[in-house]
Amino acid sequence: MKVAVIYHEDFGTDGHSVLKLRIKPSFDALMKSGLVDGKDVQVLRPKPVLLGLVEDVHTKEHIENIRHEPYNMIYYNVALLSAGSVVMAAEMVAEGEADNAFAYTGTAGHHASPGSCWGFCYFNDVAMAIVRLREMGLERFLIVDVDPHFGDGTRNIFGDDPDVFHINFNHQSRSNYDTTNNNYDVGIGFNAENDQFLNELVSVMELAKDFDFQLCFVIFGHDSHRDDYGGFDLTLSAYPKMTNIIKDAVGDRGIVFVLSGGSNGKVASVAIPGVIAVLAGGWPV
Ligand SMILES: [Zn+2]
């Protein structure tokens with residue numbers, strides 16, 4: 001299989017109120033696109049992540065906080081299911097069952113630190129996936145966070161980890177490359193348009209491709225679109241180009257796209273099938 005798409009309808013019903021309205025329209029658009037008619041792209045259903053993985057990443061106090069008010073149980077359950085989606089996607093790529101994967105989510109993860117969270121994030125899904133992949137014997141990872149908000153939770157977890165290269169696009173105006181810890185903050189400003197974003201992406205991927213990683217996570221927030229709520233001023237044509245640039249640099253090491261910020265159903269309905277089409281090697285003819 002070229003692309004495993006991990007999807008659960010609860011993401012669209014029980015997901016965070018800001019994030020959930022894009023889920024069903026974008027999935028319906030994917031199903032109508034022709035991409036999933038053959039064997040190359042297949043849709044699979046996730047299960048909630050194992051609690052042991054949550055406890056490997058987060059403090060007991062944090063887990064208890066998410067289980068109860070003020071966050072309430074409904075986000076606890078969908079956050080576990082979202083992390084289960086990302087872990088399943090990562091396992092499938094690591095085991096060679098899929099070349100690449102796209103994990104739908106109902107809550108996001110990159111603002112979740114071991115003991116705190118904010119911004120529609122509860123548990124750090126990518127961190128749990130990396131714990132799981134390390135149990136399977138993989139060691140080194142590239143994380144490309146193209147969501148326009150700074151992924152502070154992911155940085156708090158992996159900032160000192162020499163075996164994780166963390167590229168973190170954000171809407172600050174300055175970039176910073178910490179070579180000791182393989183952390184690259186790419187600040188391109190609130191109003192960054194396609195060319196600036198894509199040119200910066202080419203540069204950082206050129207640098208990152210020589211880091212000896214085994215699997216790449218892309219934290220994909222389409223809140224970077226000019227009609228969505230986050231920073232950046234991108235248009236729809238940026239997303240397939242972005243995916244191509246990342247795919248070229250990663251080669252056959254495997255990519256797991258993780259759905260992050262974004263609420264606009266019209267944007268998601270074009271952007272998500274476009275990303276999956278590039279991962280699959282093109283639209284069916
Ligand atoms: Zn965001």
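The paragraphs below lead from the overall form of the chain to the packing of its helices and then to three residues in its loops.

The structure is a predicted model, and its chain contains 10 helices and nine strands. Taken along the principal axes, the C-alpha atoms fill a box of roughly 45 × 45 × 40 Å. For a chain of 285 residues, a compact globule would be expected to have a radius of gyration near 19 Å, and the 17 Å found for this chain agrees with that expectation. Of the 285 residues, 55% are buried. Contacts that bring together distant parts of the sequence are also well represented, for among the contacts with a separation of 6 or more, 74% join residues that are 24 or more positions apart.

With that outline in mind, the reader can turn to helix α9, which spans residues 238-250 and packs against α8 as well as α10. Helix α8, made of residues 194-208, lies with its axis 9 Å from that of α9, at an angle of about 10°. Because angles under 35 degrees count as roughly parallel, α8 and α9 are described as roughly parallel to each other. On the α8 side the contact is made by Asn194, Phe197, Leu198, Leu201, Val202, Met205, Glu206 and Ala208, which meet Ala238, Lys241, Met242, Ile245, Ile246 and Ala249 of α9. Sorted by class, the residues of this contact comprise 11 nonpolar, one polar and two charged.

The second partner, helix α10, covers residues 265-279, and its axis comes within 8 Å of the axis of α9, the two crossing at roughly 30°. By the reasoning already used for α8, α9 and α10 are therefore roughly parallel to each other, and their crossing is right-handed. Here α9 contributes Tyr239, Pro240, Thr243, Asn244 and Lys247, while α10 contributes Ala271, Gly274, Val275, Ala277, Val278 and Leu279. The residues of this contact divide into seven nonpolar, three polar and one charged.

From the helices the path leads to the loops, beginning with Phe232, which is found in the loop between β8 (residues 215-220) and α9. Most residues other than glycine have a negative phi. Phe232, however, has a positive phi of about 75° although it is not a glycine. This residue also counts as buried, because 27 C-beta neighbours lie inside 10 Å of Phe232 and a count of 20 or more is what the term requires.

A second residue of this kind is Phe120, placed in the loop between β3 and α6, the latter being residues 125-135. Its phi is positive, at about 70°, and Phe120 is likewise not a glycine. With 26 C-beta neighbours inside 10 Å, Phe120 counts as buried.

The last stop is Ala98, which sits in the loop between α5 (73-94) and β3 (100-103). Ala98 is buried, since 25 other C-beta atoms lie within 10 Å. When its neighbours within four places in sequence are left aside, Ala98 is in contact with Met1, Val3, Ala4, Met92 and Val93. By way of a reference to another part of the chain, Ala98 and Pro25 are 73 residues apart in sequence, and their C-alpha atoms are 25 Å apart in space.

How values were computed:
Residues numbered from 1 in each chain as written. Predicted model: local features only at pLDDT ≥ 70, side-chain atom pairs only at ≥ 80, totals over all residues. Helix = DSSP H or I, 4+ residues; strand = E, 2+ residues; numbered from the N terminus. Rg over C-alpha atoms; globule rule 2.2 N^0.38 Å. Buried ≥ 20, exposed ≤ 12 C-beta atoms within 10 Å, placed from the backbone. Contact = placed C-beta atoms within 7 Å. Axes fitted to C-alpha atoms, helices over the stretch in contact; angles between N-to-C directions. Parallel < 35°, antiparallel > 145°, perpendicular 65-115°, else oblique. Left-handed = near helix turned anticlockwise from the far one by under 90°. Nonpolar A, V, L, I, M, F, W, Y, C, P; charged D, E, K, R; others polar.
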